Amino acid sequence: MKLVRLVYYSQASRSMSLSDLRNILETARSNNDELEVCGMLCFENQFFLQALEGDRETVNELYLDIADDPRHEEATIISYDEVSEHTFAKWQMGYAGGSESFYELLRKNGQTEFDPEQMTQSQAISFLVDMAAFQTEI
């Protein structure tokens, strides 16, 4: 089994409510547990930034399903790498949204608002890893 990490960003195609985010996370957590996939999701300023980790074929298929979801558009892969171990294994799908910690980490990346399109590959991965420590329950 080849373990991979895929990181992508996308933009919400409509306004996202708390209920919408809960639904996304509940579905992801249920499916990812079954698929043995883990990851981290950040959402703010109408942008999603997500890492998925798991078996190469499973992650590939999952990303294609996610990219077809009408709740967002312009899904763009930032990085796709083989990894030796899970970074986000503690969660089936972690989540972090706007908070003081969220914006503090953005400022460290030289941003004042969340725009993953402006992040380098290493900034995006680092941001997701750092935000895993500041997860939000919704």
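Phenylalanine 127 touches Cys42, Leu49, Phe102, Leu105, Leu106, Asn109, Phe114 and Met119, leaving aside residues up to four places away in sequence, where contact means heavy atoms within 4.5 Å. The structure is a predicted model, in which local features need pLDDT of at least 70 and side-chain atom pairs count only at pLDDT 80 or more, while totals for chains, interfaces and linings use all residues. Residues are numbered from 1 along each chain as its sequence is written, and side-chain values use heavy atoms, with hydrogens and water left out.

Phenylalanine 127 is found in helix 4; helices (H or I, at least four residues) and strands (E, at least two) are DSSP runs, numbered from the N terminus. Phenylalanine 127 is buried, with a relative accessible area of 1%, given that buried means under 20% relative accessible area, exposed over 50% and partly exposed in between, with a 1.4 Å probe and protein chains only. The C-alpha atoms of phenylalanine 127 and asparagine 60, which are 67 residues apart along the chain, are separated by 22 Å.

The largest nonpolar core has 22 residues, of which Val7, Cys42, Leu49, Phe114, Phe127, Leu128 and Met131 touch the most other members; such a core is a set of buried Ala, Val, Leu, Ile, Met, Phe, Trp, Tyr and Cys residues joined through side-chain atoms within 4.5 Å. Two or more residues of this core are given by each of strand 1 (3–12), strand 2 (38–44), strand 3 (47–55), helix 3 (100–108) and helix 4 (121–131), and the largest share, five residues, comes from helix 4. Leucine 128 touches Val7, Met40, Cys42, Leu49, Gln50, Ala51 and Phe88, again not counting residues up to four places away in sequence. Apart from this core lies another, of 20 residues, among them Ile24, Leu25, Phe43 and Phe48.

Two packed helices are described by the angle between their axes and the distance between the axes. The axes of helix 3 and helix 4 come within 11 Å and cross at roughly 155 degrees, the axes being lines fitted to C-alpha atoms, for helices over the stretch in contact, with angles running from 0 to 180 degrees between N-to-C directions. Helix 3 and helix 4 are therefore roughly antiparallel to each other, a term for angles over 145 degrees. Their contact is made by Ser101, Phe102, Leu105 and Leu106 of helix 3 together with Phe127, Asp130 and Met131 of helix 4.

Serine 79 lies in strand 4 and is buried, with a relative accessible area of 3%. Serine 79 touches Arg5, Leu6, Val7, Gln121 and Ile125, not counting residues up to four places away in sequence.

Two glutamates have a positive phi, as set out below.

| Residue | Phi | Location | Relative accessible area |
|---|---|---|---|
| Glutamate 36 | about 60 degrees | loop between helix 1 (18–35) and strand 2 | 63%, exposed |
| Glutamate 74 | about 55 degrees | strand 4 (residues 72–82) | 59%, exposed |

Neither glutamate 36 nor glutamate 74 is a glycine, although each has a positive phi.

Proline 70 lies in the loop between helix 2 (56–67) and strand 4, and is exposed, with a relative accessible area of 67%. The C-alpha atoms of proline 70 and arginine 14 are separated by 9.2 Å, although these residues are 56 residues apart along the chain.

How values were computed
Angles under 35 degrees count as roughly parallel, over 145 as roughly antiparallel, 65 to 115 as roughly perpendicular and the rest as oblique.
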